[in-house]
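User: I am new to this structure and would like to be walked through it step by step, with the reasoning given each time.

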Amino acid sequence: DRDTVVLGTLGDMLTERLDRWKVDRDLQVAADPVAKALLLDLAIGLGQQYGALADWALLGRRAALRKGELLASLGDMGGAGAIFDALGAEQPGAMDRLADLPVEEQLIVAQWLHAIGQIGEARDAAMAVADRADRALKGNDDPARRCDSAKAQMAVGQYLVALDEHAAARPHYQRCLDGFRRLADEDPGFDRRRDLSVALNIWGNLLWRLEGAQAAKQPFEECLRVWQSMADDGNAAARPGLGLAAGQLGDLLLSTDGAAPARPYLELFHREMERWAAENGQLVARDNYRRALGALGNVVRKLDGGAAARPYFETCARVARELAVELRTPAAVRGHGIAQAWLGIAIKEVDGPAASRPYYVEAADIFRALNDAVGTPQTLDGHAISEEVLGDLISGLDGAEQALPHYQANVRAREQLAAQLKTPSALHKYAVALNALAWATDAAQGREAALPYFESGAVILAELAEAHGGARSWFVSAVSMGHYAETVRQVRGAA
């Protein structure tokens, strides 16, 4: 009896900790990954030892999923995959038995598939969770089940967006938003309003993509009002969300109305992230402070010049370097690379291209090493961008011949991304990279050497225009075909 009481108490503590991590993740609060791993190992081991007890078997599976999620976030894709494979191999139908877990836990498998680039499989896994959540709703309009359904619909939409299937994502995001709005109307507590704000944010992002930035303005403004209302209620936990929502709206206004209207919102973003980082020093708070410094720095640079923006970028680079050294996670290392690139842009404006070279080179080195170590679609994209901008810089300083290796690296990365993702966006970026390499090769080695790159880029763009239409697609394709035709004429004497 005494052992049963002890086990029950320990089980309650570990279950509370797992639930707490869910809240922490929603509020973007990071915990010590080593301590997390130790507690998860304890829960997994106890789950295996006392698996005959239903509650412990459930706790063990929850902990195993969390351990996989943690390893994936730290870049250990092999370790994460082994955990998910073991869960699936426990016995036939083991993954279906995850249906007795909260929806957030079930969706970790989809998150893992997305992290390793299997986005179609991630979408299918999320759809299976959404179907289970919808079946659970039949005959039971319980708020908790409606919340599960809304979360699952959100996940399906997110993976469809990752596949460039934005129109297909719309009904899922609409159901998600409608569900969370109803829940918040019924119970305007912190959790429900926070869920509504997240749904408004992703709905705004989708409208931005489908209908343009102006269509996203209303959801982003409502999202900011929701967070402001929670902060006005004296809820200190709402202040980070208020800052993040202000940053999102500021980014939108920067694209539609220019830097001046965006500035007050990005200053609010900066103030709240600075406060958050100073008050608790938690890792994700400091990372969002890094983001806010970069966003405000970019606006200040546009309005007041590189010299005024430089202090923001220098602080941003310092914080990013500290995070990369402390965490050594892919996300932190990527943030360091971005910060170095931002600082390089400001220094280029103030002191000239030659002075900015070390920062561009360091950014490219960071992204190259990160991609070699992790090799996810996101790291490939960062590697491609950093090589392209370094190529542009070196082309201006040293000539096209010296820049060719960087344009070639950009093309290789874009080719890999296009092969992995098979999305129109990835194919378009590959074609653009080929065109950039074509022009550099033309300048360095002559038109004949550039001809294959002009041809490949033109063919890809023509196929995209044929498949997806749109006046702009046809125009870009025609321009590219024109460059190719002119190159053929000059090399072969035929139009």
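The questions and answers below concern a predicted model.

User: How many helices and how many strands are there in the protein?
Analyst: This is a predicted model, so the elements described here are those of a prediction. The elements counted in the protein are helices and strands, and the result is 22 helices and zero strands.

User: What share of the residues of the protein counts as buried?
Analyst: A residue is called buried if its relative accessible area is under 20%. The protein has 495 residues, and the share of them that counts as buried is 47%.

User: How much of the accessible surface of the protein belongs to carbon and sulfur atoms?
Analyst: The accessible surface of the protein comes to about 22,500 Å². Of this surface, the part that belongs to carbon and sulfur atoms is 53%.

User: Among contacts between residues at least 6 apart in sequence, what share joins residues at least 24 apart?
Analyst: Two residues are in contact when they have heavy atoms within 4.5 Å of each other. Once the contacts are restricted to residues at least 6 apart in sequence, the share that joins residues at least 24 apart is 57%.

User: Which helices each supply at least two residues of the lining of the second largest pocket?
Analyst: The second largest pocket has a volume of about 450 Å³. Its lining is made of 17 residues, and those closest to its centre are Arg209, Pro424, His468, Gly469 and Ser473. By class, this lining has six nonpolar, eight polar and three charged residues. The helices that each supply at least two residues of the lining are α10 (190-211), α20 (424-445), α21 (447-468) and α22 (471-492).

User: Are the planes of the rings of Trp208 and Phe220 stacked or edge-to-face?
Analyst: The structure holds four aromatic pairs. In the pair formed by Trp208 and Phe220, the ring centres are 6.1 Å apart and the planes stand at 70°, which is over the 60 degrees that the class requires, so the pair is edge-to-face.

User: Where in the chain do Trp208 and Phe220 lie, and is Phe220 buried or exposed?
Analyst: The pair links distant parts of the chain, for Trp208 is in helix α10 and Phe220 is in helix α11 (residues 213-232), twelve residues apart. Trp208 has a relative accessibility of 26% and therefore counts as partly exposed. Phe220 has a relative accessibility of 1%, which is under the 20% cut-off, so Phe220 is buried.

User: What is the angle between the planes of the rings of Trp439 and Phe454?
Analyst: Trp439 lies in helix α20 and Phe454 in helix α21, 15 residues apart, so that this pair links distant parts of the chain. Trp439 counts as partly exposed at 37% relative accessibility, whereas Phe454 is buried with a relative accessible area of 0%. The ring centres are 5.0 Å apart, and the pair is edge-to-face because its planes stand at 90°.

User: Which residues does Thr441 contact, leaving aside its neighbours within four places in sequence?
Analyst: Thr441 lies in helix α20, and at 3% relative accessibility Thr441 counts as buried. Leaving aside the neighbours within four places in sequence, the residues in contact with Thr441 are Leu404, Gly446, Ala449, Ala450 and Tyr453.

User: Is Asp195 buried or exposed, and which residues is it in contact with beyond its neighbours within four places in sequence?
Analyst: Asp195 has its place in helix α10. Its relative accessible area is 9%, under the cut-off of 20%, so Asp195 is buried. Without its neighbours within four places in sequence, the contacts of Asp195 are Cys147, Lys151 and Phe180.

User: How far apart in space are Ala43 and Leu59, C-alpha to C-alpha?
Analyst: Ala43 is in helix α2 (residues 33-49) and is buried, with a relative accessible area of 3%. Beyond its neighbours within four places in sequence, Ala43 is in contact with Leu14, Gly60 and Ala63. Ala43 and Leu59 are 16 residues apart in sequence, and their C-alpha to C-alpha distance is 6.8 Å.

User: What is the phi of Lys422?
Analyst: Most residues other than glycine have a negative phi. Lys422 is found in the loop between α19 (400-421) and α20, and at 64% relative accessibility Lys422 counts as exposed. Although Lys422 is not a glycine, its phi is positive, at about 55°.

Definitions and conventions: Residues are numbered from 1 along each chain as its sequence is written. This is a predicted model: local features need pLDDT of at least 70, side-chain atom pairs count only at pLDDT 80 or more; totals for chains, interfaces and linings use all residues. Side-chain values use heavy atoms; hydrogens and water are left out. On a 1 Å grid over the protein atoms alone, a cavity is a set of points where a 1.4 Å probe fits but cannot get out, and a pocket is an open set with protein on both sides within 12 Å along at least five of seven lines; lining residues have an atom within 4 Å of a point. Grid points are joined across faces, edges and corners, and a volume is the space filled by probe spheres set on the points. Helices (H or I, at least four residues) and strands (E, at least two) are DSSP runs, numbered from the N terminus. Ala, Val, Leu, Ile, Met, Phe, Trp, Tyr, Cys and Pro count as nonpolar, Asp, Glu, Lys and Arg as charged, and the others, Gly among them, as polar. Buried means under 20% relative accessible area, exposed over 50%, partly exposed in between (1.4 Å probe, protein chains only). Accessible areas come from the Shrake-Rupley method with a 1.4 Å probe; for residues, only the protein chains shown count as cover. Rings of Phe, Tyr and Trp (its six-membered ring) pair if their centres lie within 6.5 Å; planes under 30 degrees apart count as stacked, over 60 as edge-to-face and the rest as tilted.
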